[in-house]
Amino acid sequence: MSFKSFIPYQRRSVHAVIVTGVLVTTLGLVSIAHADPQAADNVEVASSIELDVPYVPTPEPVVEGMMEMGAVSEGNRVIDLGSGDGRIAIAAAKLGAQVLGVDIDPERIREADENAEREGVTDRVEFRQEDLFDTPIADADVLTLYLLPTINQQLRPKILTDMAPGSRVVSHAFDMGNWASDERRTIAGRTVYLWHVPARIEGEWQLMQGDTLVNLTLSQRYQEVRGVAQRDGQAMTVGNARLLGDRIAFTLADGEHYQRFYGRVDQDRIQGVEPVEALAGPGEPVEADWQAERES
Ligand SMILES: C[S@@+](CC[C@H](N)C(=O)[O-])C[C@H]1O[C@@H](n2cnc3c(N)ncnc32)[C@H](O)[C@@H]1O
């Protein structure tokens, strides 16, 4: 089934407005076509471009906020899906990131290329005319979006499967359905969401702390984690489990002691780390010399 429905100039949003012979919309649920500016009375000749999202630029202060929330920094690989005039991609390139912007509209690509040239960042940014659903995103440290809720949700499985744990997704205005964001800010009246792609931690783990073995069973829904544990056949409580990208923390309690474990997940292994402020919780932090291995 196609994601697109191509309905030249048929309004599917009450917010749609027409200017300069080209249909421009707010981000309502609408597909748009290119118009022939010569056509009388705005009766356009549709080109073959089908947009899943109309072009609406992100205000500059919001772009800045997106960079900050995504912690975009030198050497990061950033992908902006639906890059418009390139402002998000160019902002990332100015911070030293290597950036790919993709847009299906060749006019936007032309504008973005010109803007990158003017801003002197052509060595760090590439704009590619492409359908955003075809863009490989596995290599991105940061993915930026200003699309639509439905498009975000269509991208969600690919983000969760392909992007590395700990990589970030920043979306202007729209959330990801039932995948709750890790952070949400209001910037210049707009909402911006941040997600850290969660590591996959579901399964049976053997946790070794010195000579002590704890059998830990973890389940997860996105970054929400639950667990049960046993030590020497005795049940322990797993509390306040938190997952932020590839960092995990949980409290193990045996009725007498509350110990907080902080670790970094690397596929089938968790290595203890120093306490992570963002994942703080009840219990005495344990030394970082524990590890866990997934059995299944
Ligand atoms: C809301 S604008 C965002 C522009 C820019 N990222 C910004 O925030 O300023 C959405 C952009 O997505 C592009 N777009 C729509 N459908 C697309 C598709 N299937 N593949 C790639 N780009 C698409 C549009 O041409 C438009 O430039």
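These legends walk through close-up views of a predicted model and the ligand it holds.

**View 1. Meet the residues around the ligand.** Let's start with the surroundings: the ligand has 23 residues about it. The closest of them are D52, T58, G82, D103 and L132. By type, this shell contains 11 nonpolar, 8 charged and 4 polar residues.

**View 2. Two domains contribute to the shell.** Where do the shell residues come from? Domain 1 (1–53) supplies at least three of them, and domain 2 (60–196) likewise supplies at least three.

**View 3. Aspartate side chains meet the ligand.** Look here for D103, where an N or O atom of the side chain is 2.6 Å from an oxygen atom of the ligand. Nitrogen atoms of the ligand appear in the next two pairs: one is 3.2 Å from a polar side-chain atom of D131, and one is 3.3 Å from an N or O atom in the side chain of D80. How much of the ligand's exposed area does the protein bury? On its own the ligand would expose 600 Å², and the protein buries 100% of that.

**View 4. The cavity that the ligand fills.** Now picture the protein atoms alone: the count comes to 1 cavity of 30 Å³ or more. The largest cavity holds about 330 Å³ of space. Its lining is made up of 26 residues, and P54, G82, S83, G84 and D103 are the closest to its centre. What takes up this space in the model? The ligand does, as its space is the largest cavity.

Key: Residues numbered from 1 in each chain as written. Predicted model: local features only at pLDDT ≥ 70, side-chain atom pairs only at ≥ 80, totals over all residues. Heavy atoms only, no water. Near = heavy atom within 4 Å. Polar contact = N/O pair within 3.5 Å; in protein donor to acceptor, adjacent residues only side chain to side chain. Areas by Shrake-Rupley, 256 points an atom, 1.4 Å probe, with all protein chains shown as cover. 1 Å grid on protein atoms, 1.4 Å probe; cavity = no way out; pocket = protein on both sides within 12 Å on 5 of 7 lines; lining within 4 Å. Sits in = over half its atoms within 2 Å of the grid points. Nonpolar A, V, L, I, M, F, W, Y, C, P; charged D, E, K, R; others polar. Domains from an automatic or database assignment. Points joined across faces, edges and corners; volume = space filled by probe spheres on them.
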